[in-house]
Every structure is written in structure tokens, then in C-alpha cells.
Amino acid sequence: MGDQKESLRKITHTLATKNDEISNFICGLKQSLDNLEANSSRVQEDLDSEFSSLHSILDDMKENMMTRIKQERASRTYELQSQLSACSKALESSEELLELANQTLCSSETDGFNQAAKDIKDSVTMAPAFRLSLKAKASDNMSHLMVDFSQEREMLQELKFLPVPATPEIQVSECQVCDNTVTIVWTLPEPDGKIDHYILEHRRTNHEGPPRIREDYPWMVLEGIREMDHTLTGLRFDTRYMTFRVKACNKAVAGEFSEPITLETHAFTFKLDSGSSHQNLKVEDLSVEWDSSGGKIQEIRKEKNRTNSPMHSPARFVLAASLMSPKRAPTARVGRDRFTAESYTVLADTMIDAGQQYWEVRFDKESKAFAVGVALRSLGRFDQLGKSSASWCIHLNNWLQQSLTAKHNNKARTLDCPIPSSIGVYCNYEEGVLSFFNSKTKQLMHTFRTKFQQPVIPAFMVWNGSFSVVTGLQVPSVVQSGQRKNSGTSSSNASLT
């Protein structure tokens with residue numbers, strides 16, 4: 001009966017998963033149909049607009065060229081008509097002189113002949129006909145304004161849709177996720193010298209596989225990429241995966257997006273459990289500030305905070321389980337009383353029971369006291385970090401005299417190293433290693449070597465100061481390599497473990 005129920009549960013889970021995939025695919029198809037309709041209307045409008053623009057340009061050019069022909073014709077007509085008028089008048093005057101000369105020659109009167117001949121001669125000398133140019137001032141040839149658009153017609157006949165760049169393909173085997181950076185590499189089916197740049201989009205997700213229509217996070221766009229690879233740096237991995245896609249662009253149009261790929265972005269994420277923190281600690285998300293008057297305010301919120309604490313969220317537990325251990329889920333922390341008295345402590349909301357984890361904390365170096373480390377869930381509400389066998393920490397003391405010590409089981413060792421402004425914490429659960437680093441230089445400050453018998457949880461303490469935690473970090477490669485080098489050496493901190 002039990003085996004059949006388990007088998008049925010697996011079948012139910014498989015069917016639910018498949019139904020979810022089909023529903024997501026149906027949503028994608030519906031979205032594609034809507035996009036197809038919108039995109040078709042858009043390109044039709046663009047085509048109509050382009051041809052209208054082309055027609056407008058041709059009409060403007062025709063009007064301009066017709067205007068020039070008319071202006072040329074008017075100018076030449078004026079010149080030729082002016083010349084014609086002048087020649088007509090000169091001819092009329094010349095004919096009158098010719099008639100007068102013939103009459104004088106035919107006259108039988110001798111008296112006054114000499115004077116008449118002299119007058120005719122003077123008139124001929126001054127006649128317009130002898131001052132005219134008998135060359136036309138304007139040509140009747142208009143061939144310089146003829147046109148031949150045969151080449152342009154051929155060009156118009158070659159009009160076609162823009163050449164769309166080929167779709168890139170992301171080379172998953174060459175992509176890398178390391179040190180909170182992601183390098184994406186892609187190729188084209190064949191070389192294309194007209195590619196101007198690429199557009200890379202990425203999105204956080206908690207779902208493996210193809211992108212879903214309804215995602216919690218938007219696509220982030222990176223434009224103007226000139227090479228066929230790109231590295232994103234300074235990332236915070238607060239989801240299980242990141243999805244990537246890329247498309248090529250020439251100077252006119254963009255191609256299709258590549259098939260999206262999903263890369264696992266394993267990192268340790270947690271929040272601070274404000275429900276069990278000391279009442280004098282003001283906890284907001286991943287930041288903590290000492291507040292000597294915070295007790296009265298926080299006591300009012302005590303019951304609400306304990307029931308709404310992120311550590312009680314089922315979704316929180318599932319996410320932590322998927323990130324922390326491929327074999328088993330971290331143990332969810334049960335509700336507990338607040339830390340009190342001089343235990344100014346706040347714990348994370350997620351246990352560590354497997355794997356290698358890393359987080360950083362930035363603290364006010366002027367704090368009267370500050371500590372960071374890990375603790376067992378059995379840590380008492382009156383216990384200060386490092387003063388019992390249930391916690392390991394690095395402790396900064398600015399009271400009377402400044403000191404930096406490693407503490408465990410009420411034993412302390414003074415650390416001879418500069419006090420950084422930020423500390424990185426590395427925990428290897430299986431190996432029983434807890435190391436502290438200067439998070440900026442990655443210089444090792446101290447290492448505890450022990451054997452964790454129970455799950456541990458990130459723990460913090462502050463008095464008259466403040467700090468903030470940075471999660472979603474992968475174990476830095478320099479830290480991992482340093483741990484491998486030291487794995488075969490004996491610990492110099494045995495007295496504290």
C-alpha cells in the first residue's frame with residue numbers, strides 16, 4: 001500500500017510538472033499569436049510609410065525638375081523675343097531707308113541731290129540694322145535637361161526587405177559561472193561582416209528550462225556589445241538560475257533572439273531572523289543597527305515578527321533546500337525566544353547542513369563590539385557568541401582597548417592582522433572548516449577546524465554599532481584554491497576547536 005502511494009505521488013508530480021510545462025507553452029503560443037498580429041501590422045505600416053516617403057520624394061523631385069524646365073524656357077523665350085523685336089524694328093527702319101535711297105536715285109532733280117545723298121548716308125551709318133548681332137542670344141536646344149532614369153528604375157526594381165542578421169547560437173559548453181561573474185559565448189552560423197553589434201538579455205529565475213511567460217523578474221538588456229562574448233561582473237545570485245539570450249544587429253535591423261539557455265547560479269542566500277534577535281537590535285532585511293530604545297517597539301511586534309519571519313516561509317525552505325545541498329535540505333529553524341541580556345545576537349534564517357558556503361559582512365569599525373561566525377541551533381538565548389561550545393566566531397572589541405580575537409567554547413586567540421571593514425566567511429560543512437577572510441584582499445584571518453555534529457547557522461552580534469550582510473555570493477576561487485592547499489595540513493587552532 002505504501003509503495004503504491006509513493007508511486008502514485010511520483011506520477012502525480014510528473015503529471016503536475018507536465019501540465020505546468022504545457023500551460024506555459026500554451027501561454028507562449030498565445031503570446032506569439034498576439035505578437036505576430038502586432039508585428040505584422042507594424043511592418044505593414046512601416047512599408048506603407050516607406051513607399052509614401054519614396055513617392056513624396058519622387059513627386060518633389062519631379063516638381064523641382066519641371067520648375068527648372070519652365071524657368072529655362074521662360075528665360076530663353078524672353079531673350080529670343082527681345083532679340084526678335086529688336087531685329088523687326090531694325091528691319092523696318094532699314095526698309096524705309098532703302099526706299100528713300102531708291103527714290104533719291106530715281107529723282108531727276110539735281111538740286112539738293114548731294115545733300116539728300118549725304119543725309120541718307122548718315123542715316124545708314126546710324127541705322128539699328130548695322131548695330132545688331134545676327135547671332136541668336138539663346139539656344140533652342142533643351143537636351144541638357146533631358147533625363148534617363150533607367151539605372152534608377154533598376155535600383156527600384158531591386159527594392160526588397162532588409163537582410164536580417166542570422167540568429168546567434170550560445171555555446172553552453174564555453175559559458176562560465178564563477179566568482180559571481182557569468183561569461184556568455186556565442187557564434188554565428190556563418191561570418192557576417194555587416195553585423196554592427198549584439199544585444200544580450202538576461203533574467204533571474206528559479207525555474208530550470210525555457211523561459212516562462214509569467215516570470216518574477218524582468219529581462220535586463222545589455223546593448224552595444226561588439227564581440228561574440230560578454231562577461232557580467234559583480235552579480236548577486238539570489239535565484240537558482242539565470243537565463244540568457246542574444247541577437248545580432250546590423251545598422252538597419254535586428255535579427256531573432258537565440259534559443260535561450262539557463263545556467264545554474266549556485267550561491268548561499270539567507271535573511272536575518274528578526275523574530276528571535278535581541279530586542280535592542282533593529283533588523284531590516286540584511287542590515288542591523290544597535291538601538292538602545294528598540295526593545296519597547298520590538299516587543300510590540302514580537303508575536304507578529306515570529307509568525308511572519310522569513311524562516312517560517314515554505315517557499316524560503318524550498319529555495320534554500322535547492323541551493324544548499326543536492327542530497328538533503330537544510331533543517332528549518334523552529335521558532336525560539338529572543339536573545340536577551342548581553343547576548344546581542346541575531347541569526348540567519350537558513351541552516352547549513354551540507355556543501356561549501358560563503359557570505360560577507362560589512363561592519364562599523366567604531367562599534368563597541370562586533371562578532372561574526374556560526375552557531376548551532378541549540379545556542380542558548382543568554383549565550384554570547386564564542387563563549388560556549390555551540391558557536392565559533394571572530395570578535396572585535398573596541399571597549400577600553402581594541403582587540404580582534406577568534407573565540408570558541410569560551411576560549412580566545414588574539415589575531416595579529418589588520419582589522420578590515422568587511423569580513424568574508426567560508427564554511428565547508430563536510431570538512432568541518434570555518435574560515436574568515438579580509439573580503440577585499442581575500443587574506444586569511446583565521447580558520448577553525450572541527451567536526452560539525454549538527455547543522456550550523458550564520459550568527460552575528462553587535463553592541464553600539466551596526467553591520468550589513470551580503471549574500472548570494474559564490475565561494476571565491478581564490479578561497480577554494482587556498483582551502484585545497486591547506487586541506488592536508490594540521491590546524492594551528494586546535495585549542496579553540
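## A tour in three stops

Begin by selecting helix α1, residues 2-106, in this predicted model. Its 105 residues, counted at 1.5 Å a residue, should span 156 Å, and because the C-alpha atoms at its two ends are 153 Å apart, the expected and modelled values agree. While α1 is still highlighted, pick out Asn-24, Gly-28, Arg-76, Gln-83, Ala-90, Leu-97 and Thr-104, which are buried residues of this helix. To see what they meet, add α2, residues 113-126, against which the buried residues of α1 pack.

Next, move to strand β7, which runs over residues 241-249, and select Thr-243 within it. Thr-243 counts as buried because its relative accessibility is 3%, under the 20% cut-off for that word. Show its side chain together with that of Thr-262, and you will find the two joined by a polar contact of 3.3 Å. If you then display the surroundings of Thr-243, setting aside residues up to four places away in sequence, the residues it touches include Glu-201, His-202, Arg-203, Trp-219 and Pro-260.

For the last stop, go to the loop between β12 (356-363) and β13 (369-376) and select Ser-367. With a relative accessible area of 0%, Ser-367 is buried. Follow its side chain in two directions: one polar contact leads to the backbone oxygen of Asp-364 at 2.7 Å, and another leads to the backbone nitrogen of Ser-466 at 3.5 Å. Finally, leaving aside neighbours within four places in sequence, colour the residues in contact with Ser-367, which are Asn-398, Val-462, Trp-463, Asn-464, Gly-465 and Ser-466.

Technical notes. Residues are numbered from 1 along each chain as its sequence is written. This is a predicted model: local features need pLDDT of at least 70, side-chain atom pairs count only at pLDDT 80 or more; totals for chains, interfaces and linings use all residues. Side-chain values use heavy atoms; hydrogens and water are left out. Helices (H or I, at least four residues) and strands (E, at least two) are DSSP runs, numbered from the N terminus. Buried means under 20% relative accessible area, exposed over 50%, partly exposed in between (1.4 Å probe, protein chains only). A polar contact is a pair of N or O atoms within 3.5 Å; within protein, one must be able to donate a hydrogen and the other to accept it, and residues adjacent in sequence count only if both atoms are side-chain atoms. Contact means heavy atoms within 4.5 Å. The expected span of a helix is 1.5 Å times one less than its number of residues.
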